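Here is a request for reasons rather than descriptions. Each label given to a part of the model should be traced back to a value and a cut-off.

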Amino acid sequence: MSTVAVIGAGVIGLSWARLFAEHGLTVRVVDPRPDLEVPAGVEVSATVEEAVRDADFVQENGPEDLEFKKALFAELVEQAPAHALLLSSSSAIPSTAFTGGIDGSRVLVGHPFNPPHVLPLVEVVPGEQTTEESVRGAVEFYRSVGRTPVVERKEVPGFVGNRLQAALSREAAYLVEQGVVTPQDLDTVVTSSLGPRWATVGPFLGAHLGGGPGGYRHLAEHIGRSMAGLRLGTPSTDPERLIKAVEDAYGSSAYPALAESRDRRQLAVLTAVEETR
Ligand SMILES: NC(=O)c1ccc[n+]([C@@H]2O[C@H](COP(=O)([O-])OP(=O)(O)OC[C@H]3O[C@@H](n4cnc5c(N)ncnc54)[C@H](O)[C@@H]3O)[C@@H](O)[C@H]2O)c1
């Protein structure tokens, strides 16, 4: 059974520790906080060196601070066994920024959504030095604890999930500031439309189905143009390229089957939410 060292036991570290322990891993936590309490089945180590000594995986969840991560990963590269993967929960700092001057071949970001023992996504983001073997190892590791890893091939600030969240938050703040809706009504708009939709189909499959049997092309060429002047993409988006990418992803599946699956799953989400109200 694998051993995982959890460095930093705040909001994210404690949630990871719980998930890893629930999957039967040996978990060693280290954090200087005086009020440290760990989930059942988790061990506490006195130092980083002790926590990582026989680790197969290290999940770092210290402060989101470049200097902290630089100093810590320089230590980890020296102290963890040579085969151990060194993973950071960093929300915005890419690993290339904290591996300059050290061997970063097994260092990469494994960014969860809070709380990681509940939400399945882990954004796996290799840095400039990370090997493909390390990327594959991280993907296997997160799958083994029931998560859904997605590999991202460029280190953009904030990665993907938080950039999407930020875009929506920006527009939400604007609509409230403009007096279009109250915060509560804006939340209701989301929880009774986009929330359940996006729990089952993402923005691209959702738009593809929104176009009916004509798919994303129909939506982009007809409805998209007239939606309150909103466009799909940015001013520099090549519409044909985007349409082709979405058709490559979903065009081979029949519309009725995809739409039926979307409806069934959305209803299941709505029913579950209603039942737990
Ligand atoms: N909170 C979120 O929603 C969220 C989501 C995803 C990723 N993250 C990322 O996870 C990381 C941790 O975030 P958090 O919200 O858990 O922060 P937090 O402030 O709750 O926890 C950070 C912990 O690190 C500990 N720490 C400080 N110095 C240390 C050291 N030398 N060795 C070991 N531990 C040390 C602190 O005592 C604290 O308990 C950050 O990089 C953050 O960007 C946060």
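The questions and answers below concern a predicted model.

Q: How many helices and strands does the chain have, and how is it divided into domains?
A: The chain has 11 helices and eight strands. The domain assignment gives domain 1 as 3–151 and domain 2 as 181–275. The C-alpha centres of domain 1 and domain 2 lie 34 Å apart. Along its principal axes, the C-alpha trace spans about 60 × 40 × 40 Å. Of the 277 residues, 38% count as buried.

Q: Why is valine 11 called exposed?
A: Exposed requires over 50% relative accessible area. Valine 11 has a relative accessible area of 61%, so valine 11 is exposed. This residue lies in helix α1. Its C-alpha atom is separated by 22 Å from that of alanine 55, which is 44 residues apart from valine 11 along the chain.

Q: Why does leucine 19 count as buried?
A: Buried means under 20% relative accessible area. Leucine 19 has 1% relative accessibility and therefore counts as buried. Leucine 19 also lies in helix α1. Leucine 19 and histidine 117 are 98 residues apart in sequence, but 4.9 Å apart in space from C-alpha to C-alpha.

Q: Which other residues of α1 are buried?
A: Besides Leu19, the buried residues of α1 are Gly13, Ser15, Trp16, Ala17, Phe20 and Ala21. In general, an α-helix has 3.6 residues a turn, so residues three or four places apart point the same way.

Q: How do you know that the length of α1 agrees with the expected span?
A: The expected span is 1.5 Å times one less than the number of residues. For the 12 residues of α1 this gives 16 Å, and the end C-alpha atoms are 17 Å apart, so the two agree. Just after α1, glycine 24 takes a positive phi of about 80 degrees.

Q: What do the spans of α6 and α10 come to, set against the expected values?
A: α6 has 17 residues and reaches 24 Å from its first C-alpha to its last, close to the 24 Å expected. α10, residues 239–250, has 12 residues and reaches 16 Å, close to the 16 Å expected. At the start of α10, a side-chain oxygen of aspartate 238 comes to within 3.1 Å of the backbone nitrogen of glutamate 240. After α6 comes glycine 179, with a positive phi near 75 degrees.

Q: What makes the pairing of asparagine 61 and serine 89 a polar contact?
A: The cut-off for such a pair of N or O atoms is 3.5 Å. The side chains of asparagine 61 and serine 89 are joined at 2.6 Å, and therefore the pair qualifies as a polar contact. Asparagine 61 is found in the loop between β4 (57–60) and α3. Its relative accessibility is 10%, so asparagine 61 counts as buried.

Q: Which residues come nearest to the ligand?
A: Of the 22 residues around the ligand, Ile12, Asp31, Glu64, Lys69 and Ser91 come nearest. A polar side-chain atom of aspartate 31 lies 2.7 Å from an oxygen atom of the ligand. A polar backbone atom of isoleucine 12 is 2.9 Å from a ligand oxygen atom, and for glycine 62 the corresponding backbone distance is 3.4 Å. The protein covers 70% of the 830 Å² of accessible area that the ligand has on its own.

Q: What makes up the shell around the ligand?
A: Its residues divide into nine nonpolar, nine polar and four charged. α1 (11–22), α3 (66–79) and β6 (107–112) each supply at least two of them.

Q: Why is phenylalanine 159 called buried?
A: Its relative accessible area is 0%, and the limit is under 20%, so phenylalanine 159 is buried. This residue lies in the loop between β8 (148–151) and α6 (161–177). Its phi is near 55 degrees, a positive value in a residue other than glycine. Most residues other than glycine have a negative phi, and most peptide bonds are trans.

Q: Where is the cis peptide bond that ends at proline 115?
A: The bond runs from asparagine 114 to proline 115, with omega near -5 degrees. Proline 115 is found in the loop between β6 and β7 (121–126).

Methods
Residues numbered from 1 in each chain as written. Heavy atoms only, no water. Near = heavy atom within 4 Å. Polar contact = N/O pair within 3.5 Å; in protein donor to acceptor, adjacent residues only side chain to side chain. Areas by Shrake-Rupley, 256 points an atom, 1.4 Å probe, with all protein chains shown as cover. Helix = DSSP H or I, 4+ residues; strand = E, 2+ residues; numbered from the N terminus. Nonpolar A, V, L, I, M, F, W, Y, C, P; charged D, E, K, R; others polar. Buried < 20%, exposed > 50% of the residue type's maximum accessible area, 1.4 Å probe, protein only. Domains from an automatic or database assignment.
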